[in-house]
Amino acid sequence: MAFPSFAMAQSQSEQDAEERSQRQATEVEAIVVTGSRIARTEFTSTQPVQIITSEQATLEGLADTTEILQSSTAANTATQINNFFTGFVTTGGPGVNTISLRGLGAQRTLVLVNGRRVGPAGVRGQVGPTDLNTIPGSQISRVEILTDGASSIYGSDAVAGVINIITRQNLDGGFAEVYASQPFEGGGEEYRISGTWGSTFDRGYISVGADYYERKALLFGDRDWFDCPQDRVYADENLTIRRDVRVGDGYKCNFTLQSIVRTQRAGGAVVTPDLRRDGDFRPNPGAVQGGGFVGCDINGWQQVAGGFANATGVGNNCSITQAPNAVRRAAYVDYPLYSDRYGSRTAISPVTRTSFSAFGGYDLTPNVELFGELLLNRRESEQRSWRQLFPTVSPFHSNNPWGGPFNGTTNTFGVGYFATPVALVNTGGEQQVDYARAVGGIRGANQFGGRTWDWELAAQFSRSDGTYGGSFFYNDRVEATAGLLAAFGEDLEGNVVTAPRPFGAANGNCDTFLLISATSCPTGGVNWFDPNFITNGVLPAEQMAFLLGYEEGTTRYDHAYIEGVISGELFNLPAGPLGAALGFQIRREEIDDQPGAEQQRNNIWGQTAAGRTTGSDTIREIFAEFEIPVIRDQPLFDNLSLNLSGRYSDYDSYGDNSTYKVGLNWQLIPQFRIRSSYGTSFRAPALYELFLANQTSFLGQAAIDPCRNWGTITGNDVLRNNCQAAGVPADYNDPGSSATITTGGGLGILDPETATAFSVGAIWTPSFIDLSIALDYYEIEVSDQVAQFGAANIISGCYNSENFPNEALCSLFVRDTNPGSTRFNQILSVNDSYVNISRQYNEGLDLNVRYNREFSFGDLQLNFRGSYILNWTTQTFGDSEDTILNGRVGSPEFVGQISARFDRGDWTAFWSADLVGETDNDPFFATPGNQTTYLGEPVFVERGTDFYQSHNVSLRRRFDTWTLQAGIRNLFDQAPPYHGTSNGSNRIGNTPLATQYDWNGRTGFVTISKTF
């Protein structure tokens, strides 16, 4: 209390003069902060930088690099990629952990270690962003997060910002630590054992460290919020009266159907294919013909409603009708679709990591140092899940309960039905990624023209060597045992069959003509109608061994560069010395991904094909930065400086480009400062975007063709006229076969993404209190984003163009225009490779507050960090409407962290809270308002999440050489918010697939460390 009183008694000018004097007295050591190559005499960056120390992370109970970075407010406004994403396709492959500042994409966030670019790591053909698995958390000293574009300083990828991870170095002695994290309900445990030793001597230093980290799997069955996924619907707008189907006192679990889907081909003629799903059947030994729910049961199979249509009659003699809503509702109650196997899937994938690191330096002369870094890391991860297997079995299959006699004259079956068994089968994948990174160089400080210049010449090489494997079903063996070509008239893939080709007599139900991976089938083929298969996804051992395979692929990514930098002071200006930094970088990157043989020849059922992805790029760059003092020690201009930087880049893959940045740092008085910057950034296309080998997938006609039933479309004459000009009939509605979607690299087509970034901020550090407040506004706009249009967007853009048929998008797909073809008018293929198409805009506010107070009984520190998204939009086409992203589930407009720390002697007490704003998907629906229909009934749904907060506490005690800490994360066991499929975004169980929420629940953690 005495210090503020004394300060208030002084005049403001006296205070300012005193503080300037104190500042000048302490300006003795120059440091380099992230976002600049120039050493500064005070830590007042022109750009906003957030700092996370290792001590802060330890007090919060965070031991994993991924958790430390992804929980920062600069990242938490968007869902991040980590071990939550079991079964999803991610850039970098399964098990990868990345960081995306502002949600602009991991490929637009540059990650550095000790100021140097980190090489990518991962598996499969789309390796690009830094995998945070490669950086052991125990070796982190602090993390500096630059929340501003910085391509003029660091080159490509520094669009949304830069993560600079500073490691522990220059140690004298040893440090060992054991960490354990145990959720109260079990599952998702974490363990880490690490040790570091270092020594400094007269002419150098050396330090080495080892780290072992393990995360156990968290299964769906381990937490209530994953169990029994439900779609909650309500009769009222206030969401109080539930109207979703109930089973007893509980609610129906929404789950994948396990049944036989029976499909009738009405008419049977090749020219008028008409496939109708007319019933779902489940195994029931007690079912008798005509005795079931709607009279269409057959011996051993009971019909369950809930399909697209229903049937009446006896046995196979059923007429197709739409099931009444009341009938379907009752059927949901009688035949719940939940399976206990749901709980065996991994919600958080397990991983183990082993790391070794070494740092060293040796003074060749008093002014020249030789230095080096080495990191070796192995990541072993896996995912366990299940998937649907649903072969379409022809009526000719002898085990088909609804098969019928073939009429070779008319190419039809009498009353035969296709039957599709839908079963859940176990699946999974494993990855091993070995990552090595080595840095070596020489640096020094020499006098030139009477001034000291710092210089450095360094080389870096990193290699990611990954192996990935997984189980799969042979496509040829599934089709051969399902008899797709032994059907009538036309099979489901559009192939004409003029006469039935009987299954081989020796093999039973198997058409060996279709086999490419084998020459024969199991005796009797495969009985796809085995009740154990429908119920449990298991066939007899011989049949499973025939259908199921396992193969591995390999991925290597090399990243190497050499860089030279020199920095110092050119000459003195009236306000101080003119600082400068000049440098160059030559970089080469190379990728080589080789999928397994069966994936390369497109013989994996229900999965995409992938070829070998291989390619390289060489980059040459020069850069310069200048720190210009403009005014100093004048009224309202205590210190005004200007920062200018520029970079020229030349890529073998596409050519050259340049970027620049201008920064202003204006300290009006010692207590108040304004900073602002404007600059350009860029992102060169990643190697996978350039060289990705063609990969194929499939989409149904209804999902991609805007010309279906165009005669009924009103209010869009452009679409109507173009569809008519293309020769598509006004009532065309052929379900047809799926179109083949091909994705590949864009070498020779792609240009770099470009971006502009503007920021302005104010920092207040009043002299009468130990308080710091920084408020920053930013806006980032990315143009020509490298992305995929999407098959539906390509075709829609073509037919909605005034320039049809000369619109460029029209050349990216093929429609069958041959009247004699069985696929006449259908979309056959779409080329959805990487192109420069979209725009992204993001603006928001960052607030950082820190308060310190010393008491006679201890020291208190309060911190707050918050980020608020004002506007975040994307635009696919230049004339298309913006898509709003902020406020959606997974992209909250506000996130914050607040913490309090109290130190008394050797004791430290800590509390923090993670804050996540509410979200709402309702405004992003075509017809706002949360009303929809459920089984034909008007209902209301939840499309948002409430405000979420999670509290953490810990207590630490220091001894002479030992430190003990214990704490609890999510102290009040706050469950993640409920989120249903009707709400318009991804979910896991009953929760959002969003990384802002804690899936583990209340978790205890202990850290024991010792110095020696």
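**Strand pairing, salt bridges and cavities in a predicted model**

Strands E28 and E30 run antiparallel and are joined by 15 bridges. The structure described here is a predicted model. Within the pairing of E28 with E30, Gly579 is placed opposite Glu627 of E30. Strand E30 is also paired with strand E31 (residues 637-651), again in antiparallel fashion, through 14 bridges. In this second pairing, Phe623 stands opposite Arg647 of E31. The hairpin formed by E30 and E31 has 2 residues between the strands, and Leu636 adopts a positive phi near 60° in this hairpin.

Strands E28 (576-594) and E30 (613-634) also contribute to an internal space, since each is among the elements that supply at least two residues to the lining of the second largest cavity. This cavity encloses about 330 Å³. It is lined by 26 residues, of which Arg117, Gly128, Asp157, Tyr557 and Glu589 are the closest to its centre. Strand E2 (109-113), strand E27 (548-573) and helix H11 (687-691) likewise supply at least two lining residues each. The greatest contribution to this lining comes from E2, with 3 residues. Classified by residue type, the lining of the second largest cavity comprises 14 nonpolar, 6 polar and 6 charged residues.

In total, 10 cavities of 30 Å³ or more were counted in the model. The largest cavity has a volume of about 660 Å³. A set of 39 residues lines the largest cavity, and those closest to its centre are Glu67, Arg969, Thr995, Tyr997 and Asp998. At least two lining residues are supplied by each of helix H4 (65-70), strand E6 (173-183), strand E43 (894-904), strand E44 (907-916) and strand E49 (948-958). The composition of this lining is 10 nonpolar, 21 polar and 8 charged residues. Polar residues thus form the most numerous class in the lining of the largest cavity, whereas nonpolar residues do so in the lining of the second largest cavity.

Charge pairing was examined next. Side chains of opposite charge can pair when their charged atoms come close. The structure contains 44 salt bridges. One of them is formed by the side chains of Glu456 and Arg116, with an N to O distance of 2.9 Å. This pair connects distant parts of the chain, with Glu456 in strand E24 (residues 451-473) and Arg116 in strand E3 (residues 116-117), 340 residues apart. Glu456 counts as partly exposed, because its relative accessibility is 23%, while Arg116 is buried, with a relative accessible area of 7%. Both residues also belong to a network of salt bridges that links Arg116, Glu369, Glu373, Arg437, Arg443 and Glu456.

A further salt bridge joins the side chains of Arg675 and Asp776 at 2.8 Å, N to O. Here too, distant parts of the chain are linked: Arg675 lies in strand E33 (residues 672-683) and Asp776 in strand E37 (residues 771-787), 101 residues apart. Arg675 counts as buried at 10% relative accessibility, and Asp776 counts as buried at 3%.

The side chains of Arg957 and Asp906 form a salt bridge with an N to O distance of 3.5 Å. Arg957 is located in strand E49 and Asp906 in the loop between E43 and E44, so this pair ties together parts that are 51 residues apart in sequence. Arg957 is partly exposed, with a relative accessible area of 23%, and Asp906 is likewise classed as partly exposed, at 41% relative accessibility. Strands E43, E44 and E49 are also among the elements that each supply at least two residues to the lining of the largest cavity.

Polar contacts of a buried threonine complete the description. Thr481 is situated in helix H7 (residues 475-482). It is classed as buried because its relative accessible area is 0%. A polar atom of the Thr481 side chain lies 3.1 Å from the backbone oxygen of Val478. The side chain of Thr481 is additionally joined to that of Trp528 by a polar contact of 3.2 Å.

Methods:
Residues numbered from 1 in each chain as written. Predicted model: local features only at pLDDT ≥ 70, side-chain atom pairs only at ≥ 80, totals over all residues. Heavy atoms only, no water. 1 Å grid on protein atoms, 1.4 Å probe; cavity = no way out; pocket = protein on both sides within 12 Å on 5 of 7 lines; lining within 4 Å. Points joined across faces, edges and corners; volume = space filled by probe spheres on them. Helix = DSSP H or I, 4+ residues; strand = E, 2+ residues; numbered from the N terminus. Nonpolar A, V, L, I, M, F, W, Y, C, P; charged D, E, K, R; others polar. Salt bridge = Lys/Arg side-chain N within 4 Å of Asp/Glu carboxyl O. Buried < 20%, exposed > 50% of the residue type's maximum accessible area, 1.4 Å probe, protein only. Pairing = 2+ DSSP bridges. Polar contact = N/O pair within 3.5 Å; in protein donor to acceptor, adjacent residues only side chain to side chain.
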